[in-house]
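Q: Please take a close look at one helix-to-helix contact in this model. A connected account that then turns to its surroundings would be welcome.

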Amino acid sequence: MDVTLHLAQQPEADELLGRSPLAALVGMLLDQQVPMEWAFAGPYTIAQRMNKDDLDAHEIATYDPEAFAALLSTKPAVHRYPGSMAKRIQQLCQYLVEHYHGDATAVWKDATTGNELLQRLKELPGFGPQKAQIFLALLGKQLNIRPKGWREAAGPYGAPDSFRSVADITGPDSLTKVRAHKQEMKAAAKAAKATAK
């Protein structure tokens with residue numbers, strides 16, 4: 001895995017996401033309740049604070065939980081909820097160590113179908129159905145990981161030329177389009193809720 005991603009909109013952070021499968025997974029995990037760029041810059045910030053040039057699942061899995069939470073809480077915090085996200089990242093890394101020998105690429109390396117890969121992603125701590133589908137779409141669209149039926153398994157996020165999620169962001173223009181789509185969806189949901197009353 002060595003591609004250029006544009007999710008953090010910061011060259012060093014994006015470079016890490018493009019070469020480190022674990023960083024990409026951690027960025028996806030962090031992508032909730034904060035702006036996307038903040039979430040995907042998180043893995044780079046964590047690596048910097050650990051004085052490393054990459055994240056290591058074994059090291060994070062066995063890191064002292066309080067010390068790891070403090071690492072994420074140091075200002076500027078890695079996330080709006082650094083304590084709970086520190087716990088989730090450690091759970092993710094512990095799962096990867098237990099099931100994949102700490103190798104994030106093993107999650108998708110030998111998956112033969114999109115559904116199999118989706119199931120593996122949904123089993124990761126912190127990855128619900130939607131997050132798993134978005135990450136599957138990211139793997140297929142930008143990282144060339146395309147088991148049979150990946151688009152179908154990714155649901156609406158797998159559709160070509162859509163601007164629904166981080167899977168579709170390749171630069172500032174597409175970021176703007178994804179943001180606009182998300183605002184439309186929020187407005188539609190709000191309107192539907194208002195008419196249901």
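A: In this predicted model, Gly114, Leu117, Leu118, Leu121 and Lys122 of α7 meet Pro129, Ala132, Gln133, Phe135, Leu136 and Leu139 of α8 (contact means heavy atoms within 4.5 Å; helices are DSSP runs of H or I with at least four residues, strands are E runs of at least two, and both are numbered from the N terminus). By class, this contact of α7 with α8 comprises 8 nonpolar, 2 polar and 1 charged residues (Ala, Val, Leu, Ile, Met, Phe, Trp, Tyr, Cys and Pro are nonpolar, Asp, Glu, Lys and Arg charged, and the others, Gly among them, polar). Residues are numbered from 1 along each chain as its sequence is written, and side-chain values use heavy atoms, without hydrogens or water. Local features need pLDDT of at least 70 and side-chain atom pairs 80 or more, whereas totals for chains, interfaces and linings use all residues.

The axis of α7 (residues 114–123) comes within 9 Å of that of α8, and the two cross at roughly 130 degrees (axes are lines fitted to C-alpha atoms, for helices over the stretch in contact, with angles from 0 to 180 degrees between N-to-C directions). The two helices α7 and α8 are therefore oblique to each other (under 35 degrees is roughly parallel, over 145 roughly antiparallel, 65 to 115 roughly perpendicular, and the rest oblique). Their crossing is right-handed, the near helix being turned clockwise from the far one by less than a right angle.

Helix α8 (129–142) also takes part in the largest pocket. This pocket has a volume of about 620 Å³, and its lining counts 22 residues, with Gln130, Arg164, Val178, Lys182 and Lys186 nearest its centre (a pocket is an open set of 1 Å grid points where a 1.4 Å probe fits, with protein on both sides within 12 Å along at least five of seven lines; lining residues have an atom within 4 Å of a point). The volume is the space filled by probe spheres set on the points. The elements that give two or more residues to this lining are α8 and α10 (172–196). Helix α10 gives the most, with 8 residues. The lining as a whole divides into 11 nonpolar, 5 polar and 6 charged residues.

Another helix pair may be set beside the α7 and α8 contact. The axes of α1 (residues 11–19) and α3 (residues 36–49) come within 8 Å and cross at roughly 95 degrees, which means that α1 is roughly perpendicular to α3.
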